[in-house]
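Morning, everyone. Please have a look at the model on the screen, and I will walk you through it.

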Amino acid sequence: MLRKVYVEITSRCNLQCGMCIRHVWQQTPEDMAPEVFRGLVEDLRRLATVEAIQFGGFGEPLVHPRFFDFLRWTVEAGIPAEVLTNGVLLDSRAAAAVVELGLQRLIVSLDGPGAGGNGTFHTSAAGVVQANLRELYRQRLLRRARRPEVVIAFVASRRTIGQLPALKRLGVHLGFSRILVTNLVPYTADLAEEILYHDWTTTRRGGQASPWNPAVELPRMDRRPEVQEVVDRLQASGSHVVMGDGDIAGGKMYCRFAHEGFVAIAPDGAVSPCLPLLHTHSYYYRGTRRQVLAYSVGNLRQQPLSEIWNSEAFRRFRARLIEFPFAPCIDCGGCDLRNSNQEDCHGNEFPVCGPCLWAAGLVQCP
């Protein structure tokens, strides 16, 4: 069942953050045509299973000249709306508009309480974003409005992770209720050493406990250095480690888009199974450059989303993602096939998802 639609209404952005995927694109920035989005909303209104439309993707939605029209059409259709934004354009007028229109959730990218990062991370605009969030919070309080819920999207790296506690303390001043932390995807070679998951492994993930690899069940413990060192060693060796009721080094590769009924749409109307497949791009993982070729299952200019979603080809592909028969490329020692998503050593054909950082739980979509 189709439950959530991620719509990239524009691939343009008002910032030039050094960590952004847009630096490794080779395409012309584009805005979604109003008639394409209007047709999508009407189709989803009839479908009546969608729980949210998120304006976001890899562009800044507030850059689109018709953004507020798109938001109004969504709300009028009875579909809850979310917006993923860098927050720079969320000035007083924009803040009033999202409150009055009934935006359900606002996700704002912010990687620390102060400016820094030499333009690499979202912190370069921290002052403006915090001022805008204070104004939005003020307008919500004046109107006694509970919405939009404000969520901070935080990109964790060696350079930013220390800012997380200080950022959390700003919640009472800026009005956000949650912080969603995701890992950095190093789209350029100079960011490859910034990641916090060099030693992470998928080995035995989801496998049954056995004499060859016994499960380790820990009680809750303080995260002292001597405890963390042992947990890190167990995790790096592929052990299935559980602490209390939390699985901290196990679980299966899991595609949220396939399991939970999500889909992504590019500005030109192309429909993709997930956000990473919206655009051809490359990133670095453990010293190796990997190219991801874009993949679409249809286009809104040719047929409505409901038909694309229910097509036999897309249904088969989602079933394959749920089964996840792909080679464990994240742990592979050097096969050239892992350098792109065209094929893998298990005989799977394009697109293959074994190295997917999202399915591994390293990168999170809001």
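First, a definition: the radius of gyration here is taken over C-alpha atoms, and the globule rule is 2.2 Å times the number of residues to the power 0.38. Now apply that rule. For 366 residues, a compact globule would have a radius of gyration near 21 Å, and this protein has 21 Å, so the two agree.

A word on where this comes from. The model is predicted, so local features need pLDDT of at least 70 and side-chain atom pairs count only at pLDDT 80 or more, while totals for chains, interfaces and linings use all residues. Residues are numbered from 1 along each chain as its sequence is written, and side-chain values use heavy atoms, with hydrogens and water left out.

Back to the overall picture. The C-alpha trace spans about 60 × 50 × 35 Å along its principal axes. The protein has 10 helices and 14 strands. Those are DSSP runs numbered from the N terminus: helices are H or I with at least four residues, strands are E with at least two.

How much of the protein is buried? Buried residues make up 52% of the 366. The cut-offs are these: buried is under 20% relative accessible area, exposed is over 50%, and partly exposed is in between, using a 1.4 Å probe and protein chains only.

On the outside, the protein exposes about 17000 Å², and carbon and sulfur atoms supply 50% of that. Those areas come from the Shrake-Rupley method with a 1.4 Å probe; for residues, only the protein chains shown count as cover.

Next, contacts. A contact means heavy atoms within 4.5 Å. Take the contacts between residues at least 6 apart in sequence: 70% of them join residues at least 24 apart.

Val185 gives us a case to look at. Val185 sits in the loop between strand S6 (178-183) and strand S7 (216-218). With a relative accessible area of 7%, Val185 is buried. What does Val185 touch, leaving aside neighbours within four places in sequence? Its contacts are Met19, Tyr197, Tyr283, Leu357, Trp358 and Val363. Also find Ile21: it is 164 residues from Val185 along the chain, yet their C-alpha atoms are separated by 8.5 Å.

Ala192 is in the loop between S6 and S7 too. Ala192 is buried, at 14% relative accessible area. Not counting residues up to four places away, Ala192 touches Pro186, His198 and Tyr284. The C-alpha atoms of Ala192 and Arg289 are 9.7 Å apart, with the two positions 97 residues apart along the chain.

Now for a contrast. Glu217 is in strand S7, and at 69% relative accessibility Glu217 counts as exposed. Glu217 and Val129 are 88 residues apart in sequence, but 43 Å apart in space, C-alpha to C-alpha.

On to the backbone. Most residues other than glycine have a negative phi, and most peptide bonds are trans. Here are some exceptions. The peptide bond from Arg147 to Pro148 is cis, with omega near 5°. Pro148 lies in the loop between helix H4 (126-143) and strand S5 (149-156). Arg144 is in the loop between H4 and S5 as well. Its phi is near 55°, a positive value in a residue other than glycine. Arg144 counts as exposed, at 78% relative accessibility.

The segment after helix H10 (312-323) holds Pro351. The bond from Phe350 to Pro351 is cis, with omega near -5°. Phe324 is in the segment after H10 too. Phe324 is not a glycine, but has a positive phi of about 55°. Is Phe324 buried or exposed? Buried, at 14% relative accessibility.

Last topic: cysteines. A disulfide is a pair of cysteine sulfur atoms within 2.5 Å. How many disulfides does that rule give? The count is zero. Why does Cys356 have no bond? The closest cysteine sulfur, in Cys353, is 6.1 Å from the sulfur of Cys356, too far for a bond. Cys356 counts as buried, at 19% relative accessibility. For Cys365, the closest cysteine sulfur is in Cys274, at 8.0 Å, again too far. Cys365 is buried too, with a relative accessible area of 11%.

That's my tour. Thanks for listening.
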